[in-house]
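The exercises below concern the fold and the interior of one protein chain. Please look through the sequence and the model before working through the solutions.

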Amino acid sequence: MASPNSPRWGIVSTIKAPAQDILAFAAYHLDRGAHRVCIYLDAPCPEAFVHLKAHPKVRVIDCDAAYWKRQPKDRPDTHQVRQTYNANRAYRKQCDGLTWLAHIDADEFLWSARPIHEVLQDLPEEALCTRVRPIEALADSETYFRAPVPQGPETDSLLRKLYPTYGVHSHRGMLSHVAGKLFVRTGVPQLRIRIHNAFVEDLQNPCLVKSPEIDLCHFHAKNWDAWFSHFKYRHSQGTYRSSLKAPRGDPHSAPNMHQTLTQVLKTDGEAGLRAYFDEFCADSPERRAQLEDHGLLRVRDLNISRSLDTHFPQFG
């Protein structure tokens, strides 16, 4: 139980997802000790809205046409810009009583062996932001995750060993970002939130410290069906869009994820994408043992369904 003087933390997320996924995301973080969960619904979800609205620690905003008409700018075309706009709005308007705010996505779940407020309490007073690093779930698991291959002289050889076909063209063995996300300290007038960073005027991530005790458990590829159903959008506008830099190597000559996946699709079609997915995400005792041998397996029993039962039992 947090003491009255403990730092209070919250999360903000812009979400387009089924009701059960939205409620599970909120419930899990409430169970982890979030004092406030701010959810901006990027598409209408009346089924979730009514339950979120009734929870005393949740703030839910329906980002419909009326919402954007009230804002000083038109609805941005890209979801990344809508995310950052809403995150900054929450930072300005919904952080009363909070010490820290994290901007994360609906498929990202914060985990720490210690209560998160204790980890944040141990940060130096001058810290304005703290970074939490991602681990990615193996397919069909809420328990087993893989960490990125560490940077160093052995990076390429280990990537080739673990992910022999595509590893050297990945983000150190991750399908999504390795940058992680930030908690930002509230009450800094000039602070502006971005997807992976924060700025105070021209300073990027000022007074940044790391929080290695907190994991960002990322369900980027929960299973093959989910990953494939999101592939077209991610390839054109999301995580694998053409404008992003190469994950590793010379940014002017190495392929980025968009180029790599375009070639996989062109050469082998859906079967090639399935092989790509399996190389990184397929779960098996052998894969877990291999990851553990190299210090990359993370066992995190999130028990999301229990949290859903606690806070929104109608959906449990």
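**Exercise 1.** What percentage of the 316 residues of the protein count as buried?

Solution. The model is a predicted one. A residue counts as buried when its relative accessible area is under 20%, and 50% of the 316 residues of the protein fall into that class. Turning to the surface, the accessible area of the protein comes to about 15,300 Å², of which 50% belongs to carbon and sulfur atoms.

**Exercise 2.** Work out whether the overall dimensions agree with those of a compact globule.

Solution. Begin with the expectation: a compact globule of 316 residues would have a radius of gyration near 20 Å, and because the protein has 20 Å, the two agree. Next, take the box that the C-alpha atoms fill along the principal axes, which is roughly 50 × 45 × 40 Å. Then consider the elements within it, namely 10 helices and 13 strands. Finally, among contacts with a separation of 6 or more, 71% are accounted for by residues 24 or more positions apart.

**Exercise 3.** Describe the largest nonpolar core and the surroundings of Leu52.

Solution. The largest nonpolar core has 72 residues, and those touching the most other members are Leu52, Leu110, Phe183 and Trp227. Helix α1 (residues 19-31) supplies the largest share of this core, with 9 residues. Leaving aside neighbours within four places in sequence, Leu52 is in contact with Ile22, Leu23, Ala26, Ile39, Val58, Val60 and Phe312. Apart from this core lies another, of 23 residues, including Cys38, Ile61, Cys63 and Ala87.

Technical notes. Residues numbered from 1 in each chain as written. Predicted model: local features only at pLDDT ≥ 70, side-chain atom pairs only at ≥ 80, totals over all residues. Heavy atoms only, no water. Helix = DSSP H or I, 4+ residues; strand = E, 2+ residues; numbered from the N terminus. Rg over C-alpha atoms; globule rule 2.2 N^0.38 Å. Buried < 20%, exposed > 50% of the residue type's maximum accessible area, 1.4 Å probe, protein only. Contact = heavy atoms within 4.5 Å. Areas by Shrake-Rupley, 256 points an atom, 1.4 Å probe, with all protein chains shown as cover. Core = buried A, V, L, I, M, F, W, Y, C linked by side-chain atoms within 4.5 Å.
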